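Student: I would like to take a close look at one part of this protein and then see how its surroundings are built. Please take me through it carefully, in one connected answer.

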Amino acid sequence: MPEQTELHAMRHSLAHIMATAVTTLWPKAKLGVGPVVENGFYYDIVIPDVTISESDFKKIELEMRKVINQKQEFVQSNMPIDEAIKWAQDTNQPYKAELLNDLKRAGTTVAKDLSAEEMGTLAEGGSALDSVGFYTNGSFTDLCRGPHVEHTGMTGAFKLMRVAGAYWRGKEDNDQMQRLYGVAFETKEQLNDHLQMLIEAKKRDHRKIGKEMDLFTFSDLVGPGLPMYTPRGTVLIEEIKKYLREISLDYDMQLVSIPHLAKIDLYEKSGHATKFEAELFRVKSHYDQEFILKPVNCPHHTQIYASQPRSYKDLPIRYVEQTMQYRDEKPGQLGGLQRTRGFTVDDGHTFCRVDQIEQEASSLVEIIMDFYKNLGFWGDHWVSLSVRDYSSPEKYVGEPADWDKAEEMLASVANKYDLDAKKMEGEAAIYGPKLDFMFKDALGRETQLATVQLDFAMPKRFELTYTDDDGEAKTPVMIHRAVLGSFERFIMLLIEHTAGKFPIWLAPEQVRLITVNQEEMTIAKAKEIQEFAKKHGLRVHTDNTNESVGKKIRLSATDKVPYTLVIGEKEIADGIVSPRLRPDISVMDVQSELHYEQFIKTVANEAKARVNKSSL
Ligand SMILES: [Zn+2]
Ligand SMILES: [Zn+2]
């Protein structure tokens with residue numbers, strides 16, 4: 001939800017100004033809705049027999065500037081609802097008429113709050129509201145709740161960006177409209193920064209770099225939204241998995257392993273069948289019932305817990321697993337690794353007593369901090385402590401006393417690690433409070449990656465119990481933890497954040513050997529060094545093509561290889577090498593010279609320690 005700020009009013013006013021321009025240029029234009037979106041605004045428009053293209057932007061922008069220069073005042077007014085409907089019909093604005101009929105009938109125009117049969121039909125009889133608000137600037141009037149800036153001259157800096165197809169009210173059976181997008185900021189500098197960021201984002205697009213660096217691929221035969229990692233991309237995903245596994249085991253989590261499907265009954269019991277409904281992949285057995293490709297792992301993990309009687313002394317029980325989940329996303333919404341139909345997660349579930357929440361949440365926060373500190377992401381982040389809406393405690397599952405304790409413990413964990421957590425009232429899930437970790441990437445985009453989420457509901461649904469020290473059966477608390485959300489989305493972020501310059505330990509190719517010629521002695525030396533590096537667990541590739549050395553060095557740089565070694569006469573004679581470092585990992589001014597064995601051992605240690613900078 002965009003905030004109702006001055007900038008919001010500017011952007012929304014620009015949507016009106018754009019509609020003013022479009023209806024001036026094409027008087028037959030019919031208007032849909034024109035809301036504010038991230039960084040800007042749009043308006044949905046239909047012009048009979050006209051298709052707007054980017055070549056029209058100049059013309060529209062020019063017309064918008066005229067309106068802006070005239071400093072037209074935004075004047076608010078009200079009209080009785082029936083009069084407003086007549087206004088829409090008289091001005092030939094059928095979409096506005098439809099919205100007004102919905103307003104009259106239900107007091108809202110939000111499609112999901114309206115009955116499907118009635119939507120867009122005439123509202124007869126009584127009215128849910130007496131009058132509706134309008135805003136007028138110059139000769140243009142629009143149905144609108146505001147707020148707006150005072151006059152059209154107060155709208156900052158803007159630029160039209162693109163035009164896309166959109167269905168009226170987002171429904172595929174409805175009319176196809178054209179959605180005109182613009183971006184807007186308070187100042188020209190901010191607008192330029194944003195446009196610059198978009199250029200940088202395009203350069204760093206993970207689909208582009210993924211192809212250049214040969215990291216992952218899609219196939220029409222396999223299907224949309226189902227990425228496959230190439231050998232180089234698999235190095236990335238496996239190294240991250242390995243690292244997360246190591247940290248999890250350090251914190252005494254135990255690895256478990258579950259099948260990728262289950263009976264629908266499992267998800268009916270967990271509530272996910274209702275929650276994910278249209279996103280469930282259904283698999284039909286030849287023999288018995290329907291199965292579901294797992295959309296989450298929590299229900300399976302409850303069944304491992306339930307496989308034995310548990311005593312208070314057994315708790316906490318901490319399961320962790322790296323596995324795939326499946327959601328049937330709309331093909332139109334899939335794109336690269338951003339949103340996929342199958343995605344890998346590092347999923348942890350801890351079962352504990354209420355008095356253990358603080359200790360367990362602390363460990364999970366430490367795992368998250370370890371991971372992001374080592375990746376150099378820690379710093380540009382913020383944490384949300386999501387708690388109940390205290391004005392309606394009845395909508396939450398679990399005992400209020402447990403909630404009190406749990407929220408207090410999470411707050412104290414946040415304090416202990418100086419997380420500077422923002423307390424967000426009403427942001428808790430109905431089944432428990434949580435800590436969410438939001439990270440900012442190099443392009444300034446914010447994504448939620450990690451979470452520590454308490455759950456009082458699922459253990460109850462599955463009737464999980466433990467025997468307490470007083471002999472009574474009690475329900476454990478479940479803590480869901482995610483360190484990086486989905487691996488696919490994380491790898492996308494990592495590619496775009498680093499522009500493909502992965503840290504030494506993650507780089508699919510850590511060292512490249514370049515031969516100065518194809519003579520036997522040179523090839524033998526390269527082979528000797530490659531073998532030695534392999535023995536030390538490094539990923540090395542030799543470029544023995546007959547291109548010039550300069551060209552081969554440049555290629556190694558575009559491939560973003562951290563270390564490049566040229567193998568020539570000197571190297572053959574005494575084994576002394578002068579490694580070239582990728583600039584972002586280098587801290588030394590002078591190129592070091594050392595024996596190749598020492599070089600390989602140093603790089604192997606750097607990879608093992610997962611450092612961000614090289615000591616060479
Ligand atoms: Zn408005
Ligand atoms: Zn879970």
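What spacing do the donors of the zinc ion (ligand 2) follow along the chain?

Tutor: This is a predicted model, and what follows should be read with that in mind. Along the chain, the donors of the zinc ion (ligand 2) follow the spacing C-x50-H-x130-H. Cys 298 lies in helix 10 (residues 298-305) and His 480 in strand 23 (residues 477-486), so this pair ties together parts that are 182 residues apart in sequence. The protein donors are Cys 298 through SG, His 349 through NE2 and His 480 through ND1, and they lie 2.0 to 2.4 Å from the zinc ion (ligand 2). Both Cys 298 and His 480 are buried.

Strand 23, which holds His 480, also leads to helix 7, for the buried residues of helix 7 pack against strand 10 (228-229), strand 15, strand 16 (342-352), helix 11, strand 23 and helix 14 (487-498). Helix 7 (residues 231-250) has 20 residues and reaches 28 Å from its first C-alpha to its last, close to the 28 Å expected at 1.5 Å a residue. Its buried residues include Val 235, Leu 236, Ile 237, Ile 240, Tyr 243, Leu 244 and Ile 247, and charged residues such as Glu 239 and Lys 241 are buried as well. Just after helix 7, Asp 252 takes a positive phi of about 60°.

Ile 240 of helix 7 brings us to the nonpolar interior: the largest nonpolar core has 85 residues, and Ile 240, Phe 371, Tyr 372 and Phe 599 are those with the most contacts inside it. Helix 11 (residues 357-375) gives the most to this core, with 10 residues. If neighbours within four places in sequence are left aside, Phe 371 is in contact with Ile 240, Tyr 243, Leu 244, Ile 247, Val 483, Leu 484 and Phe 490. A second, separate core of 32 residues includes Met 10, Met 18, Phe 57 and Ile 60.

Two of those residues, Phe 57 and Ile 60, are buried in helix 2, together with Glu 61, Glu 63, Met 64, Val 67 and Ile 68. Seen down the axis of helix 2, the buried residues fall within an arc of 160°, so they line one face of the helix. The face turned away from that buried side carries the exposed residues Lys 58, Leu 62 and Asn 69. At 1.5 Å a residue, the 13 residues of helix 2 (residues 57-69) should span 18 Å, and the end C-alpha atoms are 18 Å apart, which agrees. The buried residues of helix 2 pack against helix 1, strand 3 (40-46), strand 5 (131-137), strand 7 (157-167) and strand 8 (176-185). Just after helix 2, Lys 71 takes a positive phi of about 45°.

Helix 1, one of the elements packed against helix 2, leads in turn to the other zinc site. The zinc ion (ligand 1) is coordinated by His 12 (NE2), His 16 (NE2), Cys 144 (SG) and His 148 (NE2), at 1.9 to 2.3 Å. These four donor atoms subtend angles of 91 to 128° around the zinc ion (ligand 1), which makes the arrangement tetrahedral. The donor residues of this ion are spaced H-x3-H-x127-C-x3-H in sequence. His 12 and His 16 are four residues apart in helix 1 (residues 6-25), and are therefore separated by about one helical turn. An α-helix has 3.6 residues a turn, so residues three or four places apart point the same way. Both His 12 and His 16 are buried.

A few backbone details complete the picture. Gly 146 and Pro 147 are joined by a cis peptide bond, with omega about 0°, and Pro 147 is found in the loop between strand 6 (140-143) and strand 7. Leu 315 and Pro 316 are likewise joined by a cis peptide bond, with omega about 0°, and Pro 316 is found in the loop between helix 10 and strand 15 (317-326). Arg 610, in the segment after helix 18 (596-609), has a phi near 55°, a positive value in a residue other than glycine, and at 9% relative accessibility Arg 610 counts as buried.

Terms used:
Residues numbered from 1 in each chain as written. Chains lettered and ligands numbered in written order. Predicted model: local features only at pLDDT ≥ 70, side-chain atom pairs only at ≥ 80, totals over all residues. Heavy atoms only, no water. Donors = N, O, S within 2.8 Å, 3.2 Å for Na, K, Ca; no water. Tetrahedral: all angles 85-135°; square planar, octahedral: opposite > 155°, others 65-115°. Helix = DSSP H or I, 4+ residues; strand = E, 2+ residues; numbered from the N terminus. Buried < 20%, exposed > 50% of the residue type's maximum accessible area, 1.4 Å probe, protein only. Core = buried A, V, L, I, M, F, W, Y, C linked by side-chain atoms within 4.5 Å. Contact = heavy atoms within 4.5 Å. Expected span 1.5 Å × (residues − 1). Arc of directions from axis to C-beta.
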